[in-house]
Amino acid sequence: NLGKLSTKMWDESRNGINAIEMLYNHNYIVTYFDGKPDMWNTKPPFFIWMAALSMKFFGTTVFSLRLPSALAALTISIYGFWFSKKYLSDFFPGFFGGLVLVTSIGFIDFHVSRNGDFDTMLSMWIFFYCTQFYIYIETRKRKNLLLASLFLGFAILTKGVAGCLFLPGLFIYIITNKKHRTIFKRPELYLYALGGLMIGLSYYFLREIYNPGYLKAVLENEITGRYLQTNEGHNGDIWFYLRLLNKYHFSYWLYWIPLAFFVFPFLSEVRVKSLGVFLLIQLICYLLILSISQTKLEWYNAPLYPFFAILIGLIITQIYNAVKKYFNSQSQWVHTAIFILFCSAVYAKPVQSVFRSSIFQEKESNYNALFFGDFMKDYFSLFDQQKSLKIVSSGYNPHLLFYAKIYQRNGYSIDIIEPNTEIHKKDTLLLCDINKWPTYSATYIFDTIYQEGTDKFILTLADETDLSDPKKIAEKHFFRHIGSIQNDPGRYNSIEVKAKRNNNNVKKELMLCALTDLSESKMFSPEMQSYFKKKYKL
């Protein structure tokens, strides 16, 4: 269902436009929005590169835009499993942690892992560089420091200064442990850290050469305009993120965290205890940095979840081992039964919350400004010969612009017009807000070709003589009835089932159903029924 729900306004649609324009203008340094350098979304382009690459292979679709985020989430889960097996010699913390991650609503829902946004990829690189640096601290192996610096560079290339916000937590972990302080005497630490920073920072200087004024825009957008002051009204008090975690994003798993303070002090495994302390310090430091920031947005807490997941995975593993020890059985069947029952008991509630999230949502139903993608798809599916459309909208709407660019690239003539734009006879108009109804000459009338609900209309500008043709009148009734069927969820679902059973496409089954209804109600004569069957190849 990754590509099912239409794109969101902030910031997914804009990222999609950046990726489409990069794909076709081949400028991989400066991101563009609607033909001009994008000076509002000033993030470095690593995610845009990945989205453009995805579109290169899978086409300019919503699925392609979201695929890099979904793959990043999957990669974090796999990496967590590997890290657990490699470093702790126990795959259970990684396995249990992976399940925690994919049942964390704040990580999989809006603006994160199932959307075309920066935050999942940022979370991946941050988690990678922190854990690789932790292994370096524990083992003093340079390859882990090299990987940490590389991943730090990628984090900066993904979301700029946000990629550095875990560095204070790493510093605090070192200075709070006496045996680790000697690391400051190793020259390689500074050399590799500088290398990682330069990977990220080099982009900023390169883009300033090609796009003068970029650094000034970054300073205003990402530092002084976000951290030091409220940006675009996104404010909140110091408890903003804790309330968010508690109420929705992490409401079940958050209550497992206090167990760490009761479990870890009594563990005999030094590695598990040390890793638990490390994860707690990173979580507390980053949460404090977020809470102090003046600009607060729901998805800024995304990098917390991989750390939460492994920490809770460690706790669940200790509980699971205690349960296994309690039953003290040598039978593999008993072990399997314990494992299944244990997982069912621990994960039943968070899995239920996943099914209540937006994953299974079919269409945008809340904001008129986001109705265009779904409605354009429905319209061009039914009227597959129609290649020209004027869309009535006003103000900033990257969601609409994203879909317009996709259809334009596929040979459609799409024009976005203001409600007060002059229109002409036989123009076909789409609007998704009754308040945006366009003005027109008094000698013409609007003919509603197709309608969904009370907000979505396809109109044609006509005069009285255009509406006297019996076939045109019948076609109007035909598509109005199709719209009424689509607005009835129960009936539409039954048509989808019937189409699958008959090995038919839903569009054809929908048309057949509407034609049958109108014929049985005597609105269509047998001749008219034959006309529609022939015209639409039913």
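The buried residues of helix H7 pack against five elements named here in order along the chain: helix H2 (46-58), helix H6 (119-139), helix H8 (167-175), helix H9 (187-210) and helix H10 (214-223). This description, like everything that follows, concerns a predicted model.

Helix H7 itself covers residues 142-159, and its 18 residues reach 26 Å from the first C-alpha to the last, which is close to the 26 Å expected at 1.5 Å a residue. The residues of H7 that count as buried are Asn144, Leu145, Ala148, Ser149, Phe151, Leu152, Gly153, Ala155, Ile156, Leu157, Thr158 and Lys159. After H7 comes Gly160, a residue whose phi is positive, near 60°.

**The chain as a whole**

The chain to which H7 belongs has 21 helices and 7 strands, and its C-alpha atoms fill a box of roughly 90 × 65 × 40 Å when the box is taken along the principal axes. Of its 538 residues, 52% count as buried. Among the contacts in the chain with a separation of 6 or more, 72% are accounted for by residues 24 or more positions apart.

**Two pairs of helices**

Two helix pairs can be set side by side, with the values for each pair given in the table.

| Helix pair | Crossing angle | Axis distance | Residues of the contact |
|---|---|---|---|
| H14 (residues 304-327) and H15 (residues 332-355) | roughly 140° | within 11 Å | 10 nonpolar, 1 polar, 1 charged |
| H19 (residues 489-501) and H20 (residues 506-520) | about 120° | 9 Å | 6 nonpolar, no polar, 5 charged |

The axes of H14 and H15 come within 11 Å and cross at roughly 140°, and that angle makes H14 oblique to H15. The crossing of these two helices is right-handed. On the side of H14 the contact is made by Ile316, Ile319, Tyr320, Val323, Lys324 and Phe327, while H15 contributes His335, Ile338, Phe339, Phe342, Val346 and Tyr347. Taken together, the residues of this contact divide into 10 nonpolar, 1 polar and 1 charged.

For H19 and H20, the packing angle is about 120° and the axes lie 9 Å apart, and the two helices are therefore oblique to each other. H19 passes H20 in a right-handed crossing. Arg491, Tyr492, Ile495, Glu496, Lys498 and Ala499 are the residues of H19 that meet Val506, Glu509, Leu510, Cys513 and Asp517 of H20. The residues of this contact divide into 6 nonpolar, no polar and 5 charged.

**Two buried residues**

Two single residues, each within a helix, complete the picture. Asn15 has its place in helix H1, which runs over residues 9-25, and Asn15 is buried, with a relative accessible area of 0%. When residues up to four places away in sequence are not counted, Asn15 touches Asn41, Phe47, Ile48, Leu65, Gly116, Asp117 and Phe118.

Ser291 lies in helix H13, which spans residues 270-292. Because its relative accessibility is 9%, Ser291 counts as buried. Leaving aside neighbours within four places in sequence, Ser291 is in contact with Ile238, Tyr241 and Lys296. In addition, the C-alpha atom of Ser291 is separated by 7.0 Å from that of Phe240, although these two residues are 51 residues apart along the chain.

Terms used. Residues numbered from 1 in each chain as written. Predicted model: local features only at pLDDT ≥ 70, side-chain atom pairs only at ≥ 80, totals over all residues. Heavy atoms only, no water. Axes fitted to C-alpha atoms, helices over the stretch in contact; angles between N-to-C directions. Helix = DSSP H or I, 4+ residues; strand = E, 2+ residues; numbered from the N terminus. Parallel < 35°, antiparallel > 145°, perpendicular 65-115°, else oblique. Left-handed = near helix turned anticlockwise from the far one by under 90°. Contact = heavy atoms within 4.5 Å. Nonpolar A, V, L, I, M, F, W, Y, C, P; charged D, E, K, R; others polar. Buried < 20%, exposed > 50% of the residue type's maximum accessible area, 1.4 Å probe, protein only. Expected span 1.5 Å × (residues − 1).
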